[in-house]
Amino acid sequence: MVRDFQFPDGFRLLPEYFDRAAQKILLQCVREGVKAAPLYRPVMPRTGQPLSVRMSNFGPLGWITSKEGYRYGPTHPVTDQPWPPLPERLGTLWADIADWPCGPDACLINFYDMNARLGLHVDAGENAANAPIISISLGDQALYRLGGPNRRDPTRSMRLSSGDVVVLGGDARHCYHGVDRIFPGTSQLLPKGGRINLTMRVVGRTL
Ligand code: MD3
Ligand code: FE
């Protein structure tokens, strides 16, 4: 079979980087975090259409959307409280594998129920546009799709499983990507099923 797709430079998949015990610890961290900063449903800029993915954040800055647009901000859009601190285990993961001179200042928490999806997009809201993004998957498997720097570039789909870590550095950082579907019943980590994805980012100073 001939494939048109070439993995972008800087894409690294670390399958089951976290074992089951470590996944449970991270899940506990997320539970603590969303107690302080509840998952909420972001809306699309302009249309106000709700996304199917529910979100929250850890760290000094969080990624938020509103009808006015996307931005990073220091407080939860519903509670107006600061985001909870980044869990220590996530900070050590960054230090161990990011190969970047400073730490992350934002960690987006995405929660997918079995019907949630995330359309093809590029992450472009960060001033530190060349810093890597590190993603951690927990719970049910996801069909993840990675493309190139242009929306019409060929794409490649892969399954991300609980405990997998993906590093998006270099060219990969500027590629289109999305989540086409969740495979219910593929993990027992979350008692009610679903998937959590954590993405650590360096936002850089927002003026
Ligand atoms: C490739 N999240 O939060 S993580 C996002 O599974 C996001 O929740 C997906 O896309 C998720 O923005 C995918 C892997 C990921 C994250 C950022 C990327 C892949 C990326 C940035 C550039 C290229
Ligand atoms: Fe993204």
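Ser137 is buried, with a relative accessible area of 1%. Buried means under 20% relative accessible area, exposed means over 50%, and partly exposed lies in between, with a 1.4 Å probe and protein chains only. This is a predicted model, in which local features need pLDDT of at least 70 and side-chain atom pairs count only at pLDDT 80 or more, while totals for chains, interfaces and linings use all residues. Residues are numbered from 1 along each chain as its sequence is written, chains are lettered from A and ligands numbered from 1 in the order in which they are written, and side-chain values use heavy atoms, with hydrogens and water left out.

Ser137 belongs to strand 7. Strands (E, at least two residues) and helices (H or I, at least four) are DSSP runs, numbered from the N terminus. The side chain of Ser137 makes a polar contact of 2.9 Å with the side chain of Arg195. A polar contact is a pair of N or O atoms within 3.5 Å; within protein, one must be able to donate a hydrogen and the other to accept it, and residues adjacent in sequence count only if both atoms are side-chain atoms.

**The ligand and its shell**

Arg195 also appears beside ligand 1. Its companions among the closest residues are Tyr112, Tyr144, Ala172 and His177, in a shell of 19 residues. A residue is near a molecule if one of its heavy atoms lies within 4 Å of it. By residue type, the shell holds 9 nonpolar, 6 polar and 4 charged residues. Here Ala, Val, Leu, Ile, Met, Phe, Trp, Tyr, Cys and Pro count as nonpolar, Asp, Glu, Lys and Arg as charged, and the others, Gly among them, as polar.

Which side chains place a polar atom by an oxygen atom of ligand 1? The table lists three.

| Residue | Distance from its polar side-chain atom to an oxygen atom of ligand 1 |
|---|---|
| His121 | 3.2 Å |
| Asp123 | 3.0 Å |
| Asn197 | 3.3 Å |

The protein covers 98% of the 500 Å² of accessible area that ligand 1 has on its own. Accessible areas come from the Shrake-Rupley method with a 1.4 Å probe; for residues, only the protein chains shown count as cover. Five strands each give two or more residues to the shell: strand 5 (106-112), strand 6 (118-121), strand 7 (133-139), strand 11 (177-183) and strand 12 (195-201). Strand 12 gives the most, with 4 residues.

**Two strand residues**

Ile182 sits in strand 11. Ile182 is buried, at a relative accessible area of 1%. Its C-alpha atom is 24 Å from that of Pro45, and the two residues are 137 apart along the chain.

Leu143 is in strand 8 (residues 141-146). Leu143 is partly exposed, because its relative accessible area is 23%. Between the C-alpha atoms of Leu143 and Met44 there are 22 Å, and along the chain 99 residues.

**Two loop residues**

Glu16 lies in the loop between strand 1 (11-14) and helix 1 (20-36). Its phi is near 45°, a positive value in a residue other than glycine. Is Glu16 buried or exposed? Glu16 counts as exposed, with 59% relative accessibility.

Asp99 lies in the loop between helix 2 (88-97) and strand 5. Phi of Asp99 is near 55°, again positive in a residue other than glycine. Asp99 counts as exposed, at 73% relative accessibility.
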